[in-house]
Each structure stands twice: as C-alpha cells, then as structure tokens.
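Work through the exercises below with the model open, trying each task before reading its solution.

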Amino acid sequence: MRGFYIGRFQPYHNGHHQMVEEIASEVDELVLGIGSAGDSHSPRNPFTAGERIMMVDKAVSNFDITTYAVPIEDLDRNSVWVSHVQSMSPTFDVAYSNNPLVIQLFKEAGVEVRQSPMFNREVFEGTEVRQRMIEDRDWESLVPDEVSDVVREIGGIERLQRVAASDRSECVADNDDDANPC
C-alpha cells in the first residue's frame with residue numbers, strides 16, 4: 001500500500017519526521033508531497049522545492065520504506081486540488097493529514113484519509129523553527145541532523161535572515177539636519 005503525506009516542509013522538522021515514522025509503520029511506500037513548491041525566498045517559505053526535496057530525501061533515507069518526494073505547486077481552486085495533486089504524484093491508496101481542509105478535500109474526492117497524532121506541535125512547527133533561525137537561537141535541535149546539514153550547505157540561515165529583515169534601517173535623528181528622512 002502506498003501512502004501520501006503533504007507538507008510545505010519549510011523546513012522539514014522533527015514533527016514531520018515523527019509523523020513519517022508513524023506512517024511508515026502502516027504503508028509499504030510513501031509519497032511526500034512538497035507543498036507550495038513554487039514559493040521560496042520569503043520569511044514564510046525561505047527554501048526552494050529542490051532544497052526541501054534534499055532535506056526530506058536525506059532525512060528519511062534511514063527509514064525502511066521506499067519514499068518519493070514530489071513537488072506540488074499551489075492551486076488556488078480547492079475544488080480541483082486533489083486531482084491536481086494526483087496528477088503530480090505517483091498513485092496512492094491513502095492520504096495522511098491533520099489539516100481540516102486537506103482532509104475535507106480528499107474525503108470529497110473519495111480518498112481514504114488517516115490522521116496521525118501531532119508531536120509537540122507548539123515546538124515542532126515551521127514558524128517556530130524559522131523564527132529561531134532568524135534570531136540565532138537553537139533551531140538545530142528541532143530538525144533531523146540531515147536537515148541541519150542541508151540548511152548549512154545552502155546558506156539557508158543567512159538567506160532567511162536577509163529576507164526577513166526590514167527594508168527600513170534604523171536611523172538616529174540628527175538635530176542639525178531638518179531634512180532627515182527618519
């Protein structure tokens with residue numbers, strides 16, 4: 001049986017990793033959909049689809065399961081989203097998600113959907129990992145070692161910090177300059 005699990009994986013973190021480990025105990029093969037594949041270089045989506053495929057492939061290589069990482073670009077028409085996903089993916093028998101919209105869309109399309117437990121969701125979420133990266137705080141404990149390696153290889157921290165920076169630099173008002181733009 002082949003399963004399907006989609007995420008943005010911005011970046012792939014230990015919550016995703018534990019979910020994949022759970023799913024791997026139920027299926028023979030797993031398709032990992034790299035969602036929002038066309039988005040990158042922003043604070044919410046700093047990594048490219050190719051970089052996320054690298055993260056996922058390296059992180060799941062130790063699992064005893066065949067995996068396929070496939071990019072899935074966003075489609076702003078929910079009524080045809082499942083057929084779009086199916087057209088971009090190897091066929092699958094069951095989809096895994098905890099996202100209410102994704103569950104609804106798959107169910108309406110007649111696809112079996114299974115939910116998995118969330119793992120320490122308040123810490124293992126992409127927003128928290130990215131915020132820690134921006135602030136130079138410990139983020140590496142929240143991701144598999146292989147993901148840390150990829151992020152370092154691609155200069156991911158520097159990129160994220162740069163794209164998250166404001167385009168307004170702080171300036172100190174100069175009392176002698178009435179034309180100061182601050």
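**Exercise 1. Describe the lining of the largest pocket by residue class and by position.**

Step 1: By class, 15 nonpolar, 14 polar and eight charged residues make up this lining (Asp, Glu, Lys and Arg count as charged, Ala, Val, Leu, Ile, Met, Phe, Trp, Tyr, Cys and Pro as nonpolar, and the others, including Gly, as polar). The model is predicted, with pLDDT of at least 70 required for local features and 80 or more for side-chain atom pairs, whereas totals for chains, interfaces and linings use all residues. Residues are numbered from 1 along each chain as its sequence is written, and side-chain values use heavy atoms, without hydrogens or water.

Step 2: Of the 37 lining residues, I6, G7, R8, N99 and V102 lie nearest the centre of the pocket (an open set of 1 Å grid points where a 1.4 Å probe fits, with protein on both sides within 12 Å along at least five of seven lines; lining atoms lie within 4 Å of a point).

Step 3: Two or more lining residues come from each of β1 (2–7), α1 (14–24), α4 (100–108) and α5 (126–134) (DSSP runs: helices H or I, at least four residues; strands E, at least two).

**Exercise 2. Find which face of α5 is buried and what it packs against.**

Step 1: In α5, the buried residues (under 20% relative accessible area, 1.4 Å probe, protein chains only) are G126, V129, R130, R132 and M133.

Step 2: Because these residues fall within an arc of 160° down the axis of α5, they line one face of the helix (directions from the axis to the C-beta atoms).

Step 3: The buried residues of α5 pack against α6 (145–153) and α7 (156–164), with contact meaning heavy atoms within 4.5 Å.

Step 4: Just after α5, D136 has a positive phi of about 55°.

Note on methods: Buried means under 20% relative accessible area, exposed over 50%, partly exposed in between (1.4 Å probe, protein chains only).
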